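Visitor: I would like to go through this structure with you, one question at a time.

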Amino acid sequence: MLVTWNDAYTLGYKVVDDGHALIIDAINRLDRATTRAHRDGEVAGLLPLLERHLAQQFNEEESFLRLLGTPNPEEHKAEHDRCLSVLA
């Protein structure tokens, strides 16, 4: 397993914590698919899944940060955009 959930990752906001757990699951599934005997199309199918999960999670997280009045939410969004650009 590439990434193991740790309670230290919990922020206490269900929507954010659940989203992070989905992303960790998608990353681990992608890691397993690339390290075992290749099954046609499995990796290619996981990348769009990871991108969708990330995009949804990032949008929800960015909205949440704006609601909380977090300073410089644009910088956080820029980090999300860079991450998504790797998968595009």
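The questions and answers below go from the overall fold to single residues.

Visitor: What kinds of secondary structure does the protein contain, and in what order do the elements run?
Guide: This is a predicted model, and everything said here should be read with that in mind. Its secondary structure comes to three helices and zero strands. From the N terminus on, the order of the elements is therefore written with one symbol for a helix, each helix being a DSSP run, and reads α-α-α.

Visitor: What does the C-alpha trace span along its principal axes, and what percentage of the residues count as buried?
Guide: Along its principal axes, the C-alpha trace of the protein spans about 45 × 30 × 15 Å. A residue is buried when its relative accessible area is under 20%. Of the 88 residues of the protein, the share that counts as buried is 25%.

Visitor: How far apart are the end C-alpha atoms of α1, and what span should the helix have?
Guide: The expected span is 1.5 Å times one less than the number of residues, so the 22 residues of α1 should span 32 Å. The model agrees with this expectation, because the end C-alpha atoms of α1 are apart by 31 Å.

Visitor: Which residues of α1 are buried?
Guide: Helix α1 covers residues 14–35, and the cut-off for a buried residue is a relative accessible area under 20%. The residues of α1 that count as buried are Val16, Asp17, Gly19, Ile23, Ile24, Ala26, Asn28, Leu30 and Ala33.

Visitor: Which residue meets Asp18 in a salt bridge, and at what N to O distance?
Guide: Asp18 and its partner are four residues apart in helix α1, so about one helical turn separates them. Asp18 counts as partly exposed because its relative accessibility is 37%, whereas the partner is exposed, with a relative accessible area of 61%. The N to O distance is 2.7 Å, and the residue whose side chain meets that of Asp18 is Lys14.

Visitor: How far apart are the closest N and O atoms in the salt bridge of Asp81 with Lys77?
Guide: Asp81 and Lys77 are four residues apart in helix α3, so they are separated by about one helical turn. Asp81 counts as partly exposed at 36% relative accessibility, and Lys77 is partly exposed with a relative accessible area of 35%. A salt bridge needs a side-chain nitrogen of Lys or Arg within 4 Å of a carboxyl oxygen of Asp or Glu, and for Asp81 and Lys77 the closest N and O atoms are apart by 3.2 Å.

Visitor: Which residue shares a salt bridge with Arg82?
Guide: Arg82 and its partner both lie in helix α3, three residues apart, which is about one turn of the helix. Arg82 counts as partly exposed because its relative accessibility is 47%, and the partner is partly exposed as well, with a relative accessible area of 46%. Their side chains meet at 2.3 Å, N to O, and the partner is Glu79.

Visitor: Is His80 buried or exposed?
Guide: His80 has its place in helix α3, which covers residues 73–87. Leaving out residues up to four places away in sequence, His80 touches Phe58, Glu61 and Glu62. The relative accessibility of His80 is 6%, and because the cut-off is under 20%, His80 counts as buried.

Definitions and conventions. Residues numbered from 1 in each chain as written. Predicted model: local features only at pLDDT ≥ 70, side-chain atom pairs only at ≥ 80, totals over all residues. Heavy atoms only, no water. Helix = DSSP H or I, 4+ residues; strand = E, 2+ residues; numbered from the N terminus. Buried < 20%, exposed > 50% of the residue type's maximum accessible area, 1.4 Å probe, protein only. Contact = heavy atoms within 4.5 Å.
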